[in-house]
Amino acid sequence: MHLHLSGEGLADTESPLIVTVDRSGQRDPYDEQTVLVDADPPEVMVREGSFRVTVESSLTGRAVILRGMRPVVLSRRPARRACHGLITIPTFRRMTPRHFSTDLNEATPQLRAEEADFPFSVSATDVEEFILAPAAGGDEILWHLEIDWLCAGRHGTTIVDDHGQPFTLYPRSGPRLGCNYDHAYDCPAPRLALESTRGTVLVGCSKGSPHGWIKPDNGGALLDFTCPNDSRAGEYYRGRVVNYTVELIHGDPQHLSGAFLAVTNVQPAP
C-alpha cells in the first residue's frame, strides 16, 4: 500500500503532507503480510498486523503540526476463507518510530500511544514514522486513516487510503483453505498466477543456476522460470520487475491444483 500526496505550496494544494503507508514486519520480520481471499474474482487482502505510516511536509522550509490521527472503519463483513500469502522481509529503518495500537471493533476506534502522543511536528527534513497495530477481531475490515494538521494558520484533515480505495484488513483468526506453498485443491492462488503478466523476481537466476522464482503482482502463486539466456542471467536478479507470459501446459484451468504452469517470454520491465 502506498500513498503520495504532494504540493508546491499551501495556495495550490489541499494537503501539506506526504504520507507513505506499508505493512510493517518490524516486530515480526517474517510475518505473513497478505492473504488471498477465495472470492470471484480472488481478492488480495492485507493480514492483521502492524503498519508503518511515514509523514513529512510537502512544503520546503515550512513545518506542519500533526494534531492527531485516527482510523475510520468504513465497512466490515465476516471473514471468508483465504489462502496464506507470501512472507515479505521488510526494509528496516534507522529512525525511531512512534508506536500506537487500536481496536477496530470499537464503535469509534482511537489510537492509543505506547509512548509519546500527539501533537507532533514534521517538515521536509524532519520526518515522523508511526507504527500502528490495528486489531480486526474476526471480521474483514475496510478502513482508512485521517490526520488532522495545522500549518501557517490553516487547519485541515488529510484522508490516507490506498490510491483512493480503502485499506483492507483480514483477521488472523479468519478461516483458511488449508494451503501450504503448493496450495490446496481449488485455491485461488494458481488461478491468479495463470492470469498474471507482470511480477518481481523473488529468487534470481545465474549461469550456474538458471532457475528462479517470480512473485506475480496480482498476488498469485509463485512462478518458476528459467533464465532465457545464460549471457543475460545477471539481468534477472532479486527485486527485478519483469514482464512474462504464463501458459497452462496440463491440468484443468478451473481447478489448478497439481497443474503445470509454464512461464515464457520473460523480459525485464521497462
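**Note on a predicted, strand-rich chain**

1. Start with Thr168. Thr168 counts as buried because its relative accessibility is 18%, under the 20% cut-off. This is a predicted model, and every value below is computed from it. Thr168 sits in strand β13. The side chain of Thr168 comes to 3.2 Å from the backbone nitrogen of Val46.

2. Which residues is Thr168 in contact with, leaving aside neighbours within four places in sequence? One group is Val44, Met45 and Val46. The other is Ile141, Leu142 and Trp143. Strand β3 covers residues 43-46, and strand β11 covers 139-151. Look at Thr168 with both strands displayed.

3. Now the sheet that holds β3. Three strands form an open, antiparallel sheet, in the order β3-β2-β6. β3 (43-46) and β6 (82-84) are the edges; each has a single partner strand, so one side of each has no neighbour in the sheet. From one strand to the next, the twist averages 35°.

4. The β2-β3 pairing can be checked by eye. Strand β2 spans residues 34-37 and pairs with β3 in the antiparallel sense, over 4 bridges. Val35 stands opposite Met45 in β3. Met45 is also one of the contacts of Thr168.

5. A second open sheet has 5 strands. Its order is β1-β4-β10-β7-β8, and the pairing is mixed. The edge strands are β1 (17-24) and β8 (112-113), each pairing on one side only.

6. Within that sheet, take β7 and β10. In which sense do these two strands pair, parallel or antiparallel? The sense is parallel, over 6 bridges, between β7 (residues 98-103) and β10 (residues 128-135). Asp103 stands opposite Ala135 in β10.

7. Next, the interior. The largest nonpolar core has 29 residues. Leu17, Val53, Val55, Leu66, Met69 and Phe130 have the most contacts inside it. Strands β1, β4 (50-57), β5 (64-78), β9 (120-122), β10, β11 (139-151) and β13 (167-169) each supply at least two residues of this core. Which strand gives the largest share? That is β11, with 6 residues.

8. Val55 is a good residue to click on. Not counting residues up to four places away in sequence, Val55 touches Leu17, Ile18 and Val19. Leu66, Val122, Val127, Glu128, Phe130 and Ile147 are touched as well. Of these partners, Leu17, Leu66 and Phe130 are listed with Val55 among the core residues with the most contacts.

9. Apart from the core around Val55 lies another one, of 23 residues. Its members include Ala221, Leu223, Val242 and Val246.

10. The helix needs a brief comment. Helix α1 takes in residues 188-195 and is mostly covered, with 6 of its 8 residues buried. Which residues are they? The buried set is Pro188, Ala189, Pro190, Arg191, Leu192 and Ala193. Note that Arg191 is in that set.

11. Last, the chain as a whole. Its secondary structure comes to 1 helix and 18 strands. Of its 270 residues, 46% count as buried. Among contacts between residues at least 6 apart in sequence, 71% join residues at least 24 apart. The contacts of Thr168 with Val44, Met45 and Val46 link separate parts of the sequence. The accessible surface is about 13500 Å², and carbon and sulfur atoms account for 49% of that area.

Conventions
Residues are numbered from 1 along each chain as its sequence is written. This is a predicted model: local features need pLDDT of at least 70, side-chain atom pairs count only at pLDDT 80 or more; totals for chains, interfaces and linings use all residues. Side-chain values use heavy atoms; hydrogens and water are left out. Two strands pair if DSSP finds at least two bridges between them. Buried means under 20% relative accessible area, exposed over 50%, partly exposed in between (1.4 Å probe, protein chains only). A nonpolar core is a set of buried Ala, Val, Leu, Ile, Met, Phe, Trp, Tyr and Cys residues joined through side-chain atoms within 4.5 Å. Contact means heavy atoms within 4.5 Å. Axes are lines fitted to C-alpha atoms, for helices over the stretch in contact, and angles run from 0 to 180 degrees between N-to-C directions. A polar contact is a pair of N or O atoms within 3.5 Å; within protein, one must be able to donate a hydrogen and the other to accept it, and residues adjacent in sequence count only if both atoms are side-chain atoms. Accessible areas come from the Shrake-Rupley method with a 1.4 Å probe; for residues, only the protein chains shown count as cover.
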